[in-house]
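Me: I am new to this structure and would like a close look at one part, the surroundings of its aromatic rings. Please start there, and then lead me on from that part to the rest in one connected account.

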Protein chains: 2
Amino acid sequence: MTELELLKRIERRLPDSDTGGIVIGLGDDCAAIRTQSGEDLLYTTDLFVEGTHFERESLPARWAGRKALTRGLSDIAAMGGEPRFCLISLALPDWAGSRWVDSFYAGLAELAQQTRTAVVGGDLTKGNQLVCDIVVCGAVPRGQAMRRNGARPGDGIYVSGHLGGAALGRRTQSGAAGRCHTRPEARLRLGKYLRKRGEVTAAMDLSDGLSLDLFRLCEASGVSAVVDRPLPVFHGATIEDALHGGEDYELLFTAHRDSRVRRSFERVPLTRIGTVTSVSPPGVMFFGRNLKPGGWDPFRSNTDKCD
Amino acid sequence: MTELELLKRIERRLPDSDTGGIVIGLGDDCAAIRTQSGEDLLYTTDLFVEGTHFERESLPARWAGRKALTRGLSDIAAMGGEPRFCLISLALPDWAGSRWVDSFYAGLAELAQQTRTAVVGGDLTKGNQLVCDIVVCGAVPRGQAMRRNGARPGDGIYVSGHLGGAALGRRTQSGAAGRCHTRPEARLRLGKYLRKRGEVTAAMDLSDGLSLDLFRLCEASGVSAVVDRPLPVFHGATIEDALHGGEDYELLFTAHRDSRVRRSFERVPLTRIGTVTSVSPPGVMFFGRNLKPGGWDPFRSNTDKCD
């Protein structure tokens with residue numbers, strides 16, 4: 001079973017979220033709750049698990065703390081929000097002593113301060129592997145969160161930055177790619193800029209790899225995608241890294257065909273990679289071939305990515 | 001190192017939460033954020049870890065899902081709040097197949113519906129043990145959350161229900177005590193009633209055992225406690241179960257000496273167990289002996305509970 005299938009199963013089990021104020025429920029980067037102050041509050045939760053998302057030998061505690069928060073902030077960025085506060089839960093195995101915990105929180109606190117994200121709560125317990133769960137709350141003006149489900153046929157498909165750097169860095173553990181892996185950055189300012197411009201029809205963050213995340217965007221929007229322009233591949237990375245590597249934390253978005261999307265924002269390139277189509281069922285064509293959603297999925301082995 | 005020591009270390013590492021609207025930060029059952037609508041929003045996060053908090057052999061998936069949510073709801077109850085929504089993250093080991101996941105969510109969804117708690121988001125991933133983290137958001141009228149830090153010398157100390165049932169049920173796995181262990185109940189209606197009465201000076205939930213939780217309340221309030229009246233021990237449980245067992249999810253609260261606290265609420269007994277004193281440093285005297293905070297602490301073995 002894949003993560004997508006499992007999620008669909010779970011959604012069927014849960015009661016309808018018709019409680020007052022919930023404007024976005026399951027299935028987007030964040031949930032959104034309407035407040036009476038002209039804002040929607042965004043909520044996202046992200047697990048960060050030793051052996052699944054990181055190896056303790058290759059990710060120092062300081063960067064682990066930073067990266068745990070980055071993952072949540074990236075979901076806020078994807079919807080065009082500003083972070084407000086977070087809660088952080090840690091299950092600690094025996095190897096994670098007080099020095100490790102100190103460094104983890106130091107890294108997290110540094111990024112929290114930089115991004116004006118207050119740490120308001122959390123939980124600590126013992127476990128036999130390190131598990132971190134972070135919840136970030138952010139805010140957008142009422143009704144203005146960028147969502148996954150607004151892509152329409154004819155829209156251009158864009159990505160920020162370069163893709164595949166994190167996958168390359170996971171292998172090489174050095175240089176600029178190594179930093180992509182250990183210290184990725186959430187595109188908070190870009191997300192806010194795109195949301196304010198108002199041209200974006202759908203957006204999400206690239207946490208699990210373009211092939212899987214673009215498929216999710218297509219599914220949410222009920223459209224298909226044709227990727228027929230060169231991807232902005234990170235220097236030294238392979239096309240496989242760029243398509244399926246995951247953890248780049250760049251933004252994937254669509255914009256109406258008449259939009260004038262800038263070539264870059266604060267030196268981060270914005271690259272058009274293709275076009276939204278009306279083909280059904282939703283799928284992704286990559287230079288004429290059907291691209292399976294082969295990005296990072298913890299629930300299956302990542303093989304057979306292209307037909 | 002104990003959990004209390006570890007938490008203090010972490011708090012020193014984190015930046016001050018002076019971001020707008022945070023009225024309660026680290027160190028209480030929930031954080032509280034002021035909104036412009038006359039409400040404070042409460043947030044709590046709770047880990048529920050296989051091998052630490054439950055054994056899969058003795059806790060069916062359905063009850064595990066229910067209990068994970070109960071833990072969060074109990075924190076909301078402790079502050080007198082009403083639940084609004086939750087986010088749930090699961091790290092799944094190989095043994096937790098789709099049937100287990102289905103039952104887990106069925107149990108969670110049932111309680112969510114009963115308590116009008118919407119499930120608005122979550123995360124799923126692989127892990128080598130089952131870890132669940134739940135975040136519950138609730139609400140109280142502005143400034144009215146019951147807190148841990150308001151107990152004053154002379155106040156009476158009270159607990160709801162009976163204590164030690166969960167610890168007994170963990171051992172026996174049967175009968176009424178078994179149900180305390182597998183299907184505890186969050187005291188949401190009682191919490192709301194106590195908050196509305198306005199006589200409570202401090203409150204928290206009994207998740208880790210009276211000896212540890214009462215010590216925490218005393219520390220937060222800068223007071224001590226004398227427990228000199230019979231505890232409402234669950235039928236068949238030992239005094240050790242009642243003092244240190246944990247997971248009863250009853251409410252512990254203090255009320256001004258002139259308060260007329262009812263003997264029961266909706267058939268749940270409310271029992272006075274002692275009195276707040278001004279002794280410094282904070283501590284708990286139990287029938288003339290110094291009671292060490294010996295409740296359930298995942299970070300040390302639970303021995304030497306009484307001097």
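Reply: Arg183(B) lies over the face of Trp63(B), 4.2 Å from the centre of the ring; a charge is said to sit over a ring if NZ of Lys or CZ of Arg is within 6 Å of the ring centre and within 35 degrees of the ring normal. In chain A, Arg262(A) lies over the face of Tyr193(A), at 5.1 Å from the ring centre.

Before going on, please keep in mind that this is a predicted model, in which local features need pLDDT of at least 70 and side-chain atom pairs count only at pLDDT 80 or more, while totals for chains, interfaces and linings use all residues. Residues are numbered from 1 along each chain as its sequence is written, chains are lettered from A and ligands numbered from 1 in the order in which they are written, and side-chain values use heavy atoms, with hydrogens and water left out.

Rings also pair with one another, and over all chains there are 17 aromatic pairs, counted where rings of Phe, Tyr and Trp (its six-membered ring) have centres within 6.5 Å, with planes under 30 degrees apart called stacked, over 60 edge-to-face and the rest tilted. One of them joins Phe104(A) and Tyr105(A), which meet edge-to-face at 5.6 Å centre to centre and 75° between the planes. Both Phe104(A) and Tyr105(A) are buried, where buried means under 20% relative accessible area, exposed over 50% and partly exposed in between (1.4 Å probe, protein chains only). Ring pairs also link residues of both chains into a cluster, made of Tyr43(A), Phe85(A), Tyr43(B) and Phe85(B).

From Phe85(B) in that cluster we can move along the chain to Cys86(B), which belongs to strand 4 (residues 82-92) of chain B; helices (H or I, at least four residues) and strands (E, at least two) are DSSP runs, numbered from the N terminus. Cys86(B) is buried, with a relative accessible area of 0%. Leaving aside neighbours within four places in sequence, Cys86(B) is in contact (heavy atoms within 4.5 Å) with residues including Leu69(B), Thr117(B), Val119(B), Ile134(B) and Val136(B). The C-alpha atoms of Cys86(B) and Gly138(B) are 8.8 Å apart in space, although 52 residues separate the two in sequence.

A contrasting residue is Lys196(B), placed in helix 6 (residues 188-197) of chain B and exposed, with a relative accessible area of 59%. Lys196(B) is 55 residues from Pro141(B) in sequence, and their C-alpha atoms are 9.8 Å apart in space.

Helix 4 (residues 165-172) of chain B has Gly165(B), Ala166(B), Ala167(B), Leu168(B) and Gly169(B) buried, and its buried residues pack against helix 5 (175-182) and helix 8 (239-244) of chain B. After helix 4 of chain B comes Gln173(B), with a positive phi near 55°. In chain A, Gln173(A) is not a glycine, yet has a positive phi of about 55°; Gln173(A) lies in the loop between helix 4 (165-172) and helix 5 (175-182) of chain A, and at 40% relative accessibility it counts as partly exposed.

Another helix pairing in chain B brings helix 1 (residues 3-13) and helix 7 (residues 210-221) together, packed at an angle of about 35° with their axes 12 Å apart; the axes are lines fitted to C-alpha atoms, for helices over the stretch in contact, and angles run from 0 to 180 degrees between N-to-C directions. Glu3(B), Leu4(B) and Lys8(B) of helix 1 and Leu212(B), Phe215(B), Arg216(B) and Glu219(B) of helix 7 make this contact.

Two loops hold cis peptide bonds. The bond joining Ser280(B) and Pro281(B) is cis, with omega about 0°, and Pro281(B) is placed in the loop between strand 12 (268-277) and strand 13 (284-286) of chain B. The peptide bond from Ser280(A) to Pro281(A) is cis as well, with omega near -5°, and Pro281(A) is found in the loop between strand 12 (268-277) and strand 13 (284-286) of chain A.

Finally, for chain A as a whole, the secondary structure comes to eight helices and 14 strands. Buried residues make up 60% of its 307 residues, and among contacts in chain A between residues at least 6 apart in sequence, 83% join residues at least 24 apart.
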